[in-house]
Amino acid sequence: MARHERKDRNRDRDRQESDLTEKLVGINRVAKVVKGGRRFGFAAIVIVGDRRGRVGHGSGKAREVPEAIRKAAEQAKRSMIRVPLREGRTLHHDITGRFGAGRVALRAAPAGTGIIAGGPMRAIFEILGVQDVVAKSIGTSNPHNIIKATFGALCNIHAPRFVAARRGKKVAEIFHRDRQQNTTLQSANAK
C-alpha cells in the first residue's frame with residue numbers, strides 16, 4: 001500500500017514539474033584566480049514558474065553553461081512560492097520591495113495594460129502568469145538584487161480573503177471601510 005502511495009506522489013510531482021517553464025535571466029562569466037592563472041566558469045540566474053501563480057528563482061555556478069543553468073533551475077524549483085492573483089491576471093494591491101540597494105515598486109493595473117516592467121522583473125511576471133502590472137526598479141540595475149527585491153514584495157502580497165480571515169471580518173467589510181475612507185478624504189479635499 002505504501003509503495004502505491006509513493007508512486008502516486010512521484011507521479012504528481014513529475015506532472016507538476018512538467019508544467020513548469022524556465023526562463024534564463026542572465027549569465028555571467030566569472031573567473032577564479034589560482035596559482036597557474038585564471039579558471040573561468042559561468043554563473044546563471046533562472047526563473048521557474050507554472051504561469052498560474054507559482055514562481056521561484058535560483059542561481060548556479062559551474063565550469064560549463066548548461067550545467068550552471070541546470071543548477072540554477074534546480075534551486076529555483078526548490079524555492080518556489082505561491083502568489084495570489086486578482087482575477088488570475090494582476091496583483092491584489094500595490095507593494096514595494098527592497099533587497100540591498102535594489103528597490104522595486106509593483107502596482108496592480110487594469111485589464112489591457114500588459115506587463116510594463118523591465119529586465120528581470122518582466123521575466124518574473126511572465127513566468128508567474130501576470131498579464132497586467134506596472135513595475136519600476138529604483139536604485140540598482142543588478143539583476144540579483146532586483147529579483148530578490150521583487151520576490152520580497154511578492155511574498156508580502158495577501159488576498160482579501162486572507163486579510164479578512166486574519167482580522168475576523170468579512171471581505172465586504174474591508175472593502176466597504178476603504179471606500180468610506182476614500183469618500184471622506186475626497187470630501188475633505190474638496191472643501
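This report describes the two sheets of the model, the helices that lie against them, and the nonpolar cores.

The structure is a predicted model, in which local features need pLDDT of at least 70 and side-chain atom pairs count only at pLDDT 80 or more, whereas totals for chains, interfaces and linings use all residues. Residues are numbered from 1 along each chain as its sequence is written, and side-chain values use heavy atoms, with hydrogens and water left out.

**The two sheets**

Helices (H or I, at least four residues) and strands (E, at least two) are DSSP runs, numbered from the N terminus, and two strands pair if DSSP finds at least two bridges between them. One open sheet is made of 4 strands in the order S1-S2-S3-S4, with antiparallel pairing. Its edge strands are S1 (21–34) and S4 (81–82), each of which pairs on one side only. Within this sheet Arg29 stands opposite Phe42 in S2.

Another open sheet, also of 4 strands, has the order S5-S6-S8-S7, and its pairing is mixed. S5 (95–99) and S7 stand at the edges with a single partner strand each, so one side of each is left without a neighbour in the sheet. The table lists strand pairs from both sheets.

| Strand pair | Sense | Bridges |
|---|---|---|
| S1 and S2 | antiparallel | 13 bridges |
| S5 and S6 | antiparallel | 5 bridges |
| S6 (102–108) and S8 (133–139) | antiparallel | 7 bridges |
| S7 (115–116) and S8 | parallel | 2 bridges |

Individual partners can be followed in the mixed sheet: Thr96 has Ala105 in S6 as its bridge partner, Arg103 stands opposite Ile138 in S8, and Ile116 is bridged to Val134 in S8. From S7 the chain crosses through helix H3 (residues 119–128) to S8, and this β-α-β crossover is left-handed; a crossover would be right-handed if, with the strands pointing away from the viewer, the path from the first strand over the helix to the second ran clockwise.

**Helix H3**

H3 lies across S6, S7 and S8 and runs at about 150° to S8, while it also lies across S1, S2 and S3, running at about 140° to S1. Such angles run from 0 to 180 degrees between N-to-C directions, with axes fitted as lines to C-alpha atoms, for helices over the stretch in contact. H3 is mostly covered, with 7 of its 10 residues buried (under 20% relative accessible area, where exposed is over 50% and partly exposed lies in between, for a 1.4 Å probe and protein chains only). Among these buried residues are Met121, Phe125 and Leu128. Just after H3, Gly129 takes a positive phi of about 100°.

**The cores**

A nonpolar core is a set of buried Ala, Val, Leu, Ile, Met, Phe, Trp, Tyr and Cys residues joined through side-chain atoms within 4.5 Å. The largest has 26 residues, and those with the most contacts inside it include Leu91, Met121 and Phe125. S2 (37–49), S6, H3, S8 and helix H4 (143–155) each supply at least two residues of this core, and H4 gives the most, with 6 residues. A second, separate core of 10 residues includes Leu20, Val46, Ala68 and Ala76.

Helix H4 also holds Asn145, which counts as buried because its relative accessibility is 16%. Leaving aside neighbours within four places in sequence, Asn145 is in contact (heavy atoms within 4.5 Å) with Phe99, Ala101, Gly102 and Thr140.
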